[in-house]
Amino acid sequence: MNNFDWVQPKTIAEAATAVKNGGVAMSGGIELLCLLKEHLIEPPSVVNLKSIPGMRSIDVAGSGLRIGALATTTDLAENSVVRNDFPGISQAAASIASPQIRNVGTVGGNLCQRPRCWYYRDPEVKCLKKGGQACYAVAGNNEYHAIMGGGPCHIVHPSDLGSAFLAYGATVVTNEREIPIQNFFVLPKDDIDHENSLRPAELVTGVTVPNDWKGARASFFKSKERESFDWALATALVLLKMNGSTVSDARVVLGGVAPIPWRSTEAENALKGKSIEDSVALAAGRAAVSRATPMSENRYKVPLTTNVVRIAVLQAAGLKAE
Ligand SMILES: Cc1cc2nc3c(=O)[nH]c(=O)nc-3n(C[C@H](O)[C@H](O)[C@H](O)COP(=O)(O)OP(=O)(O)OC[C@H]3O[C@@H](n4cnc5c(N)ncnc54)[C@H](O)[C@@H]3O)c2cc1C
Ligand code: SF4
């Protein structure tokens, strides 16, 4: 890694100025250290956001939750209000990595983490996303890549919190503005260089979650290769509002299958007005992948995602998933 200056700002404005001058923001530092060690970035300075006070709290306001960007994944997973009223968020948080990583990784860092694509992570490879001429995943190894929304780059977004916040209709708060989360993540066809719509020197300061889906039945189900800690092969976050035994409204967000957390209105429509049973959950799973365009090595993700959605729907409805 290159030598860099260590900047300890006391305010978000100081941090933004340091980033404007070429510095790179650091929260937990877990991901940032990898980027530095892999020579994917060589900034003149690293700007430690943890030196700014007051950015770690999780507060309940009249209109919903206010989560500081420096709240850790453990803070989210263990907060009693989040667990009771927004269980999809705490379940997603609890699924992430290992206890050690959850204790250090933050909300802001999780949303802003870079892709895990092995070509992207290889310092010797200059693919399309790094200013090169080709996406090597297209003709190469693409078993972990996108089955929806890809092209010309086929990454999947690694953030499980992103899926949870999208399902609950959250807003990302920055030092400059408020960004509805559906406008925060961007597809490669719209911006090949970035995975989110943050401007240069714009920093995430927090996330607000409205009460719209507070108390809804929820399940986050994640399929991964290793049981211990791993990023997802596919995830589904399902929220259900019930009128008696009938679904009056539903949210279905997929993770691990697209360059952004992927809301499936097809799956939601397959659930609305129905009583949940296995055939309905399976229909929602099939609807979720109805527009999938898998690559040469990731066809397995289509039936996998179908079943991941099916299980999450059954679990959200309080039914046993086999
Ligand atoms: C082995 C392993 C397994 C993992 N598994 C999962 C998983 O299953 N699901 C999952 O969701 N995550 C997973 N993660 C990611 C992890 O949970 C952290 O979210 C991630 O490492 C980044 O968090 P951080 O706070 O350390 O960010 P940092 O490393 O500090 O920063 C990450 C990036 O975000 C930028 N950044 C940080 N904070 C801000 C901010 N406030 N505003 C703007 N930009 C910012 C940094 O400049 C950097 O580019 C895993 C990580 C590891 C190492
Ligand atoms: S998927 Fe994206 S990051 Fe991976 S090789 Fe293709 S262009 Fe590069």
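The largest cavity is the space taken by ligand 2. The structure is a predicted model.

**Around ligand 2**

The shell around ligand 2 draws two or more residues from each of two elements, helix H8 (118-121) and helix H9 (136-139). It holds 13 residues, of which Cys-117, Cys-127, Cys-135, Cys-153 and His-154 come nearest to the ligand. By character, the shell divides into 10 nonpolar residues, 2 polar and 1 charged. Cysteine counts as nonpolar in this tally.

**Around ligand 1**

Ligand 1 has 31 residues around it. The closest are Ala-25, Ser-27, Leu-32, Thr-106 and Asp-160. Backbone atoms make polar contacts with this ligand, including those below.

| Residue | Backbone atom | Atom of ligand 1 | Distance |
|---|---|---|---|
| Gly-28 | polar backbone atom | oxygen | 2.9 Å |
| Leu-32 | backbone N or O | oxygen | 2.7 Å |
| Val-204 | polar backbone atom | nitrogen | 2.9 Å |

Leu-32 is thus listed twice: it is among the closest residues, and its backbone lies 2.7 Å from a ligand oxygen. Val-204 offers a polar backbone atom to a nitrogen of ligand 1. Strand S8 spans residues 204-210.

**Strand S5 and its partners**

Strand S5 covers residues 64-68. How much of it is buried? Of its 5 residues, 4 are buried, so the strand is largely enclosed by the rest of the structure. Buried here means under 20% relative accessible area.

S5 pairs with strand S4 (residues 58-61) in the antiparallel sense, over 4 bridges. The two strands form a hairpin, with 2 residues between them. S5 also runs antiparallel to S8, and 5 bridges join this pair.

Arg-66 takes part in both pairings. In the hairpin, Arg-66 is the bridge partner of Asp-59. Towards S8, Arg-66 stands opposite Thr-208. In a regular strand, side chains alternate between the two faces of the sheet.

**Gln-113 in its loop**

Gln-113 lies in the loop between helix H7 (107-111) and H8. Is this loop residue buried or exposed? Its relative accessibility is 9%, so Gln-113 counts as buried. The cut-off for that label is under 20%. A polar atom of the Gln-113 side chain lies 3.1 Å from the backbone oxygen of Asn-110. The helix that follows the loop, H8, also gives two or more residues to the shell around ligand 2.

Methods: Residues numbered from 1 in each chain as written. Chains lettered and ligands numbered in written order. Predicted model: local features only at pLDDT ≥ 70, side-chain atom pairs only at ≥ 80, totals over all residues. Heavy atoms only, no water. Buried < 20%, exposed > 50% of the residue type's maximum accessible area, 1.4 Å probe, protein only. Pairing = 2+ DSSP bridges. Near = heavy atom within 4 Å. 1 Å grid on protein atoms, 1.4 Å probe; cavity = no way out; pocket = protein on both sides within 12 Å on 5 of 7 lines; lining within 4 Å. Sits in = over half its atoms within 2 Å of the grid points. Polar contact = N/O pair within 3.5 Å; in protein donor to acceptor, adjacent residues only side chain to side chain.
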